[in-house]
Structure formats: structure tokens, C-alpha cells
Amino acid sequence: MTMRAVALGVGHYLPERIVPNAEFEKTLDTSDEWIQARTGIERRHFAAEGETTSDMAIKAATAALAQAGLAASDMDAVIVATSTPDLTFPSVATMVQQGLGMTRGFGFDVQAVCAGFVYALSTANAMIVSGQANRILVIGAETFSRIMDWTDRSTCVLFGDGAGALVLEGRDGGGTNDDRGILAADLNSDGNYRDMLYVDGGVSTTGESGKLRMQGNPLFRQAVGKLAATAEASLAKINMLAEELDWIVPHQANIRIIQGTAKKLGLPMEQVVVTVQDHGNTSAASIPLALSVAVAEGRIKPGQVLLMEAIGGGLAWGSVILRW
């Protein structure tokens, strides 16, 4: 028998405030047409004043637990992927524990920017397979609106806030690709590309949170190749072909990156979950948000095989293959 990390429930939360592209026309030299043509984004959600990353994470987690039919007390661990924590410390995960009423288990954060949820999933899978935990709540949550430079039209129109959560449980499988659960994972990073996407502040440098900075064109060129390569690496680990995938659930950064990656893998856009038009780039939250939306809409069905892939600052990138 082979231990598998099986998905039992998924949920998401989006702040109430919806910000259409037209809102940026009031303060920037930009337009709805310009933003849509280059990114595919039509609108995004921004957290309310006083609404934090942990607040959103708790709401997404509550939804995921409800779908799984489990209580917070059933969880052994909470892993939160975020680059925008409430505080320098303690972790958002411990705040989620408190907010859910958990008094057992452990929690910690993972910081791999937009690739954070893939990193968190891989970490949770390793813990379940090794027997360190059996039920883990994996969350991606971000308030990127707090680190935007509102004078930089090349970045501030791209990002949004939100959270998504997934409940994983260890179950015995047969050791084949027919098993439910996580079948493969691939993680990568390369600090030589750090200047392509970063925040110009931090505790040990400026003492302030800083603002997001990005080199859009070089990052785009790196993204498509690296996302396709990590997808192919995960597929190779289990001797699976791209045509055996039912869905790609990609990081929702830019519609052109999503389209370019699908083309490299030889898959039609009809098999790609796209929510970037409604949410913008929610960094570590984007994959679980997209997953939750697709499940709620009935597109993703039990037994289907999903490829989740993302790239973010670091650069950090990776992929996970999961049978739903």
C-alpha cells in the first residue's frame, strides 16, 4: 500500500470590495482596454480597512472544512502560504489556529510568493506520506493591495486580495496513477533572478514592508518556459502524458502566460481553469481560489487529474499533480 494525501474539501474567500479596471483610469495613464489586452484582468478584490490575511484565511478554511465535513479539531496541522502576513511574527497559521478554535496540532507559514501554495502542498504531502501528520489544512492567502505602489501602472493593476484553502487527509492507495490524492510534485528556485520580482523593503534592510517591484517582460519570458518544464518534470515522475490530464489549474498571473504554458504542453484552453479576469493575481491564493471556483461550478469532478503550477519571486516555481 502507498500513503496518499487526498483532497477532501476546498473553499475560498474574496473581500467584498470589487475594483474594476476603470477605477485606475482616475489616477493613472491607463485604461480598461489596455489592462485587459495585456493581462486578461477585468476586476479584482481588495481587502477592507482592517481586514487581514489571517481574517481571509480563516474564512476560506472554514469553507473548506465544511465541504470536507470535518471540524478544525480534526486537523493535525495548518500550513499557510503567504508573502503578506499580518505581522512579522507570529505566523498567520497560528492566527488561523486561534481563529478556528484549534488547541492541538501545529501551524507554520511558507513563503515562496506566487509559488507558495504549490510549495505548501508539497510540504503537506511530505508530512502526510512520512506519517508526521494525517490531516492538514493548506491555505493560500494574500493582501497584496497593502504592498502596491499606486503610481506604478505596470504593477498596481495586476494584483488582488483573497484566500483559498484545501483539506488533505492521508489514505492508503494502490501505488498507481489511479490513486486519489497527490501523485507527484516538483519544486525549483533560482536566486539569480531575484531582481525580476521583489519588494523593496524588509525587517533587516529598511525596517518597512516596502513596495512591489517587477521587470515584466523578462519575467514573462522566464515564466512560460519554467512552468512548462516543471509540469513536464512532475509528469515524468509518474510516467504520465500531458494528454492524460483533465485540467490545468494554473497560477493566475497573466492570461498570456497561462495560454503560453498550455500551448507548450499541447493542451487546449478548454482544459484550463481561468479566473484571472475576476480576481487578478492573488499570488499564493490564486491556485486554491481557482480550484475552489471550478469545483463549486461543477467543472472539476471526482477522479479527474489536475496539474497545478506556479511561478513567483525568488524566482521560485513548481507543480503538483493531484487526482481529485
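## What lines the cavity

By class, the lining of the largest cavity breaks down into six nonpolar residues, one polar and one charged. Bear in mind that this is a predicted model. The residues in question are Leu227, Pro250, His251, Ala253, Ile257, Ile258, Glu309 and Ile311. Two elements each give two or more residues to that lining: helix 6 (255-265) and strand 12 (305-312).

How many cavities of 30 Å³ or more are there? The count comes to one. The volume of the largest cavity is about 40 Å³.

## The four-stranded sheet

Strand 12 turns up again in an open sheet of four strands, ordered 8-13-12-11, where the pairing is mixed. Strand 8 (181-189) and strand 11 (247-250) sit at the edges, and each of them pairs on one side only. Going from one strand to the next, the twist averages 15°.

Now for the join between strand 8 and strand 13 (residues 316-323): these two run antiparallel, and eight bridges hold them together. If you want a spot to look at on screen, try Asp186, whose bridge partner in strand 13 is Ser319.

## Aromatic pairs

Aromatic rings are worth a look too. A pair of them is described by the distance of the centres and the angle of the planes. The model has four aromatic pairs by this count. One of them is Phe24 with Trp150, a stacked pair at 6.4 Å centre to centre and with 25° between the planes. Why does this pair tie together parts that are 126 residues apart in sequence? It does so because Phe24 lies in the loop between strand 2 (17-20) and helix 1 (32-39), while Trp150 lies in the loop between strand 6 (135-143) and strand 7 (161-173).

Are these two rings buried or exposed? Phe24 is buried, at a relative accessible area of 6%, whereas Trp150 is partly exposed, at 38%. Phe46 comes into the picture here as well: ring pairs link Phe24, Phe46 and Trp150 into a cluster.

## A pair within one loop

Phe144 and Phe159 make another stacked pair, with 5.1 Å centre to centre and 25° between the planes. Phe144 and Phe159 both lie in the loop between strand 6 and strand 7, so this pair ties together parts that are 15 residues apart in sequence. As for accessibility, Phe144 is buried, and Phe159 is buried as well.

Methods: Residues are numbered from 1 along each chain as its sequence is written. This is a predicted model: local features need pLDDT of at least 70, side-chain atom pairs count only at pLDDT 80 or more; totals for chains, interfaces and linings use all residues. Side-chain values use heavy atoms; hydrogens and water are left out. On a 1 Å grid over the protein atoms alone, a cavity is a set of points where a 1.4 Å probe fits but cannot get out, and a pocket is an open set with protein on both sides within 12 Å along at least five of seven lines; lining residues have an atom within 4 Å of a point. Grid points are joined across faces, edges and corners, and a volume is the space filled by probe spheres set on the points. Ala, Val, Leu, Ile, Met, Phe, Trp, Tyr, Cys and Pro count as nonpolar, Asp, Glu, Lys and Arg as charged, and the others, Gly among them, as polar. Two strands pair if DSSP finds at least two bridges between them. Axes are lines fitted to C-alpha atoms, for helices over the stretch in contact, and angles run from 0 to 180 degrees between N-to-C directions. Rings of Phe, Tyr and Trp (its six-membered ring) pair if their centres lie within 6.5 Å; planes under 30 degrees apart count as stacked, over 60 as edge-to-face and the rest as tilted. Buried means under 20% relative accessible area, exposed over 50%, partly exposed in between (1.4 Å probe, protein chains only).
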